[in-house]
Amino acid sequence: QVHLVESGGALVRPGGSLRLSCTASGNIRSINAMGWYRQHPGKEREFVAAISDNGNRNYADSVKGRFTISMDNAKKTVYLRMTSLGPDDAAVYYCNAVDDYGNFPGAYWGQGTRVTLSS
């Protein structure tokens, strides 16, 4: 079993930056990829970014060039650096982990961390 805990959500001004973190615990040796999803009120959860243990990265078109995902593979901690934040980036961000070389979304989710844009 894997447990994920996110942190870093905050109130930020439009155009600002933020870094989210997610740390895995439990059977972390089984994890081969981690990623981020987000959910806007009343909408389905959507893919944001992902990184595998070999360093391959993928991004949603809406965040390419603004968000950067990275991972400390030994610690199974994943980060999401977000810049040039806009209203559409306000959401609850969820960490996700894939084990045993499965597909995204993996079986494990964090509890979510909220990013709010100030008016």
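Let me begin with a term: a residue is called buried under 20% relative accessible area, exposed over 50%, and partly exposed in between. The structure under discussion today is a predicted model.

With that term in place, consider Glu46. Glu46 has a relative accessible area of 29%, so this residue is partly exposed. Its side chain meets that of Arg38 in a salt bridge, with N to O at 2.7 Å. Arg38, by contrast, has a relative accessibility of 1% and therefore counts as buried. Arg38 also forms a salt bridge with Asp89, at 2.9 Å from N to O. This second pair links distant parts of the chain, as Arg38 belongs to strand 4 and Asp89 to the loop between strand 8 and strand 9, 51 residues apart. Both Arg38 and Asp89 are buried. Through shared partners, salt bridges join Arg38, Glu46, Arg66, Asp88 and Asp89 into one network.

In total, the structure holds five salt bridges. One of them pairs Lys64 with Asp61, whose closest N and O atoms are 3.2 Å apart. Here both partners, Lys64 and Asp61, are exposed.

I turn now to the disulfide. The count comes to one, and the residues joined are Cys22 and Cys95, with an S to S distance of 2.1 Å. Which parts of the chain does this pair tie together? Cys22 lies in strand 3, residues 18-26, and Cys95 in strand 9, residues 91-99, so the link connects parts that are 73 residues apart in sequence. The angle about the S-S bond is -85°, and the link is left-handed. Both cysteines, Cys22 and Cys95, are buried.

Next, the nonpolar interior. The largest nonpolar core has 29 residues, and those with the most contacts inside it include Leu4, Trp36, Leu80 and Tyr93. Among the elements that give two or more residues to this core are strand 1, strand 3, strand 4, strand 8 and strand 9. Let us look at Tyr93 in particular. Not counting residues up to four places away in sequence, Tyr93 touches, among others, Leu20, Trp36, Arg38, Phe67, Leu80 and Val115. Arg38, a member of the salt-bridge network, is thus also a contact of Tyr93.

The sheet comes next. Four strands form an open sheet in the order 1-3-8-7, with antiparallel pairing. Strand 1 and strand 7 stand at the edges with a single partner strand each, so one side of each is left without a neighbour in the sheet. On average, neighbouring strands of this sheet are turned by 15° against each other, direction ignored.

Strand 1 and strand 3 run antiparallel and are joined by six bridges. Within this pairing, Val2 stands opposite Gly26, and Leu4 stands opposite Ala24. In a regular strand, side chains alternate between the two faces of the sheet. In strand 1, the covered face consists of Val2, Leu4 and Glu6, and the uncovered one of His3, Val5 and Ser7.

Finally, two serines. Ser21 has its place in strand 3 and is buried, at a relative accessible area of 14%. Leaving aside neighbours within four places in sequence, its contacts include Val5, Glu6 and Ser7, as well as Trp36 and Val78. Ser17 is found in the loop between strand 2 and strand 3; at 33% relative accessible area, Ser17 is partly exposed. Its C-alpha atom is separated by 6.3 Å from that of Leu85, although the two residues are 68 apart along the chain. With the same neighbours left aside, Ser17 is in contact with Leu85, and also with Val12, Arg81, Met82, Thr83 and Ser84.

How values were computed:
Residues numbered from 1 in each chain as written. Predicted model: local features only at pLDDT ≥ 70, side-chain atom pairs only at ≥ 80, totals over all residues. Heavy atoms only, no water. Disulfide = S-S within 2.5 Å. Buried < 20%, exposed > 50% of the residue type's maximum accessible area, 1.4 Å probe, protein only. Core = buried A, V, L, I, M, F, W, Y, C linked by side-chain atoms within 4.5 Å. Contact = heavy atoms within 4.5 Å. Pairing = 2+ DSSP bridges. Axes fitted to C-alpha atoms, helices over the stretch in contact; angles between N-to-C directions. Salt bridge = Lys/Arg side-chain N within 4 Å of Asp/Glu carboxyl O.
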